[in-house]
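Open the model in your viewer and keep the selection panel at hand. The tour goes stop by stop: select, look, move on.

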Amino acid sequence: MNDPNEEGSAKLAVITGGGRGIGRAVTERLIQDKWACLIVGLEEEDLRDTAAHVTSLGGTCVDHVCDIAEEAGRASIARHVEELGTPLKLLVNCAAQCTPMPVFGQSQEAWITEVSTNLISASLLAGWAIENMHRNRAGVVINVGSIYGSLGLNNTFYPGVYPDEGQPGPLRAPAYHATKGGIAALTRELAVAAGKWNIRINTVSPGMIRTAERPIPAEQTRLLESATPLARLGTPAEVAAVINFLASDEASFVTGAEWIVDGGWSVW
């Protein structure tokens, strides 16, 4: 892995959940525009593999294992950035958890874990990033949401995954939906607070995305594609392309917005 202090690495991006799925695709896309990346998450093997891959492509990437849901984990990210000495110009809050739970038997522990990982950490890390960025009067925060932050889940498209009958009650993902709805609201609130320092904050909300870590069975793929106007599932790279745009000067007058990347899923 390379050091962000190397010559030519003038801008640093922190990506949570950067070792897999959309987070990995974001890292791969950002290095094409000469970002130095600090990727963080819980899975050491995934982080190291991504860092090694990015480095092999000529990029600058450092991996850091920590739990962003814990204060100590977030503090370790701040220390790492300080030690690297490269100006923080981008935070991508990509890490998330989704725990299906029966409606009549919801787990407080699962709720706390999911809210801490998906929403509280995003807000606290954004607050840290804004404080860091406002010294230079520039920076970008991108929160990864979901179309399920504004839509209910139709279990017809998830055969065998979210049964509508059973004990104790239907199986759903209420905490995930609530936290992703909160992400969009959080973005709007922080965008207002940080705008005076030329810090832009936006949400990118993916729809049905196929990732290597979560293979989708053929029948479910067919159902999801049939409900998508573009008639296919999206890729992590397509989400990463939008994030890369919002991180760039091309989007210099865009803040407080939610960018939906779902192939048209939510329009009908």
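For the residue classes used on this tour, Ala, Val, Leu, Ile, Met, Phe, Trp, Tyr, Cys and Pro count as nonpolar, Asp, Glu, Lys and Arg as charged, and the others, Gly among them, as polar. By that scheme, the lining of the second largest pocket has 4 nonpolar, 4 polar and 5 charged residues. Keep in mind throughout that this is a predicted model.

**Stop 1: the second largest pocket**

Stay with this pocket. Its space comes to about 310 Å³. Select Val140, Arg200, Ala247, Ser248 and Asp249. Of the 13 lining residues, these lie nearest the centre of the second largest pocket.

**Stop 2: the largest pocket**

Now select Ala96, Cys98, Tyr176, Thr211 and Arg214. The largest pocket has a volume of about 1400 Å³. Its lining takes in 48 residues, and the five you have selected are the closest to its centre. Next, colour the elements around it. At least two lining residues come from each of α1 (21-32), β2 (36-41), α2 (44-56), α5 and α6 (218-226). By class, the lining of the largest pocket divides into 27 nonpolar, 14 polar and 7 charged residues.

**Stop 3: helix α1**

Select residues 21-32, which form α1. Is this helix mostly covered, or mostly open? It is mostly covered, with 9 of the 12 residues of α1 buried. Show them: Gly21, Ile22, Gly23, Arg24, Ala25, Val26, Thr27, Leu30 and Ile31. Then check the length. At 1.5 Å a residue, the 12 residues of α1 should span 16 Å, and the end C-alpha atoms are 18 Å apart, which agrees. Step past the helix to Lys34, which follows α1 and has a positive phi, near 70°.

**Stop 4: the cavity**

Turn to enclosed space. Rolling a probe the size of a water molecule over the atoms shows where empty space is left. The structure holds 1 cavity of 30 Å³ or more. The volume of the largest cavity is about 50 Å³. Select its lining: Thr16, Ile68, Asn93, Ala95, Thr117, Asn118, Ser121, Ala122, Val144, Lys180 and Ile183. Two elements, α4 and α5 (174-194), give two or more residues to this lining. Which of the elements gives the most? The answer is α4, with 4 residues. The lining of the largest cavity has 5 nonpolar, 5 polar and 1 charged residues.

**Stop 5: Thr16**

Pick Thr16 out of that cavity lining. Thr16 sits in strand β1 (residues 12-16). At 1% relative accessibility, under the 20% cut-off, Thr16 counts as buried. Turn on polar contacts. A polar atom of the Thr16 side chain lies 2.9 Å from the backbone nitrogen of Cys94.

**Stop 6: helix α4**

Select residues 108-133, helix α4. Start at the N-terminal end, which Ser107 caps. A side-chain oxygen of Ser107 lies 3.3 Å from the backbone nitrogen of Glu109. Move along the helix to Ser116. A kink of about 45° in α4 is centred there, on Ser116. How far apart are the ends of α4? The end C-alpha atoms are 35 Å apart; at 1.5 Å a residue the 26 residues should span 38 Å, so the two values agree.

**Stop 7: α5 to β8**

Find Val192 in helix α5. With a relative accessible area of 68%, over the 50% cut-off, Val192 is exposed. Draw a distance from Val192 to Thr211. The two are 19 residues apart along the chain, and their C-alpha atoms are separated by 33 Å.

Go on to Asn198, in the loop between α5 and β8. Asn198 is not a glycine, yet has a positive phi of about 60°. Its relative accessible area is 46%, and Asn198 is partly exposed.

Now enter strand β8 (residues 199-206) and select Ser205. Is Ser205 buried or exposed? At 1% relative accessibility, Ser205 counts as buried. The side chain of Ser205 reaches the backbone nitrogen of Ser146 at 3.3 Å.

**Stop 8: Ala231**

Finish at Ala231, in the loop between α6 and α7 (236-247). Most residues other than glycine have a negative phi, and most peptide bonds are trans. Ala231 is not a glycine, but its phi is positive, about 60°.

Note on methods:
Residues numbered from 1 in each chain as written. Predicted model: local features only at pLDDT ≥ 70, side-chain atom pairs only at ≥ 80, totals over all residues. Heavy atoms only, no water. Expected span 1.5 Å × (residues − 1). Bend = angle between axes of the 7 residues up to and from the residue. Polar contact = N/O pair within 3.5 Å; in protein donor to acceptor, adjacent residues only side chain to side chain. 1 Å grid on protein atoms, 1.4 Å probe; cavity = no way out; pocket = protein on both sides within 12 Å on 5 of 7 lines; lining within 4 Å. Points joined across faces, edges and corners; volume = space filled by probe spheres on them. Buried < 20%, exposed > 50% of the residue type's maximum accessible area, 1.4 Å probe, protein only.
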